[in-house]
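Reader: Please take me through one part of this model in close detail. I would like the aromatic rings, and then the pockets.

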Amino acid sequence: MNRNIIITGAAGNLGSAVVDKFKREGFKVIATVAPGKGEELEEANDIYELDVTDEEKVAEFAKEYTVQYGSDLEAVAMLVGGFSMGDLAETSKADVEKMLQLNFFSAYNMAKAFLPVLKKTGKGTFLFVGAKPALHLAEGKSTVAYTLSKSLVVNLSELVAAETEGTEIRSHVFVPSIIDTPPNREAMPDQDSSKWVRPDEIAEAMHYAATNPSLRQTTFKLYGSV
């Protein structure tokens, strides 16, 4: 059986690290990238342009996946996301909706579409990405829309775990603090980035979770030294 993994948001800083790790470990990487941006990934085996916030497009992709690869699917890593600042007074409904689309529905649509695929074999792993404020809400008072959307991702991971109880389908959530990426360094030049969690460290944790069947509904707190 092939060791297939789908990685959304594969061209991002975290995505490229996760693609590289799983490819080096012998997985066949099926990557999705944002439509129309010309994003390329040399490490991925196959690349699809896909708007993961579009429920119908994701459903079509799931059908295409089964045509191309059958039901062999070891893991789905949902890495598409976005960030925004703003306390409650500064956060509009549109701000919340934008974060919900990028952070929550990008994961929800994938989980909904690919859970039936995993159920065909009764095994596989969903890899969700939360955020530290989603577990420590007081820390999210200045990032209200972002925190709310990531809180739903954490809850979604738990719901998937509940629905798949008694099977070998597993659900994990990875909760980083600040990720050490060029955009974050540029946005926060006065911060000590050596204390942040690196993308490759998150990738290592995801690979560990995906390849250890004894782990179920685990929350990986990747807080660096912050």
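Author:
**Aromatic rings and pockets**

Tyr48, Phe61, Tyr65, Tyr69 and Phe114 are joined into a cluster by ring pairs. The model is predicted. Across the whole structure, a search finds eleven aromatic pairs.

One of these pairs is formed by Phe104 and Phe105. The ring centres of Phe104 and Phe105 are 5.0 Å apart, and their planes meet at 65°. That pair is edge-to-face. Phe104 is buried, because its relative accessible area of 11% is under 20%. Phe105 has a relative accessible area of 28% and is partly exposed.

Phe174 and Phe220 make another pair. Their ring centres lie 4.8 Å apart and their planes are at 10°, so this pair is stacked. Under 30 degrees counts as stacked. Phe174 sits in strand β6, and Phe220 sits in strand β7, residues 219-222. The two are 46 residues apart in sequence, so the pair ties together separate parts of the chain. Both Phe174 and Phe220 are buried.

A charge also meets a ring. Lys132 lies over the face of Tyr223, 4.7 Å from the ring centre.

Now the pockets. The largest pocket holds about 1,400 Å³ of space. Its lining counts 48 residues, and Gly81, Gly82, Phe83, Tyr146 and Asn184 are the closest to its centre. Six elements are named as giving two or more residues to this lining: α1 (13-24), β2 (28-33), α3 (93-121), α4 (132-135), α5 (144-163) and α6 (182-187). α3 gives the most, with four residues. By class, the lining of the largest pocket has 24 nonpolar, 16 polar and eight charged residues.

The second largest pocket has a volume of about 250 Å³. It is lined by 17 residues. Glu74, Lys123, Gly124, Arg170 and Ala210 lie nearest its centre. Two strands, β5 (123-129) and β6 (168-176), give two or more residues to this lining. β5 supplies the largest share, three residues. The lining of the second largest pocket divides into four nonpolar, six polar and seven charged residues.

Strand β6 thus appears in both parts of this account: it holds Phe174 of the stacked pair, and it gives two or more residues to the lining of the second largest pocket.

Methods: Residues are numbered from 1 along each chain as its sequence is written. This is a predicted model: local features need pLDDT of at least 70, side-chain atom pairs count only at pLDDT 80 or more; totals for chains, interfaces and linings use all residues. Side-chain values use heavy atoms; hydrogens and water are left out. On a 1 Å grid over the protein atoms alone, a cavity is a set of points where a 1.4 Å probe fits but cannot get out, and a pocket is an open set with protein on both sides within 12 Å along at least five of seven lines; lining residues have an atom within 4 Å of a point. Grid points are joined across faces, edges and corners, and a volume is the space filled by probe spheres set on the points. Ala, Val, Leu, Ile, Met, Phe, Trp, Tyr, Cys and Pro count as nonpolar, Asp, Glu, Lys and Arg as charged, and the others, Gly among them, as polar. Rings of Phe, Tyr and Trp (its six-membered ring) pair if their centres lie within 6.5 Å; planes under 30 degrees apart count as stacked, over 60 as edge-to-face and the rest as tilted. Buried means under 20% relative accessible area, exposed over 50%, partly exposed in between (1.4 Å probe, protein chains only). A charge sits over a ring if NZ of Lys or CZ of Arg is within 6 Å of the ring centre and within 35 degrees of the ring normal.
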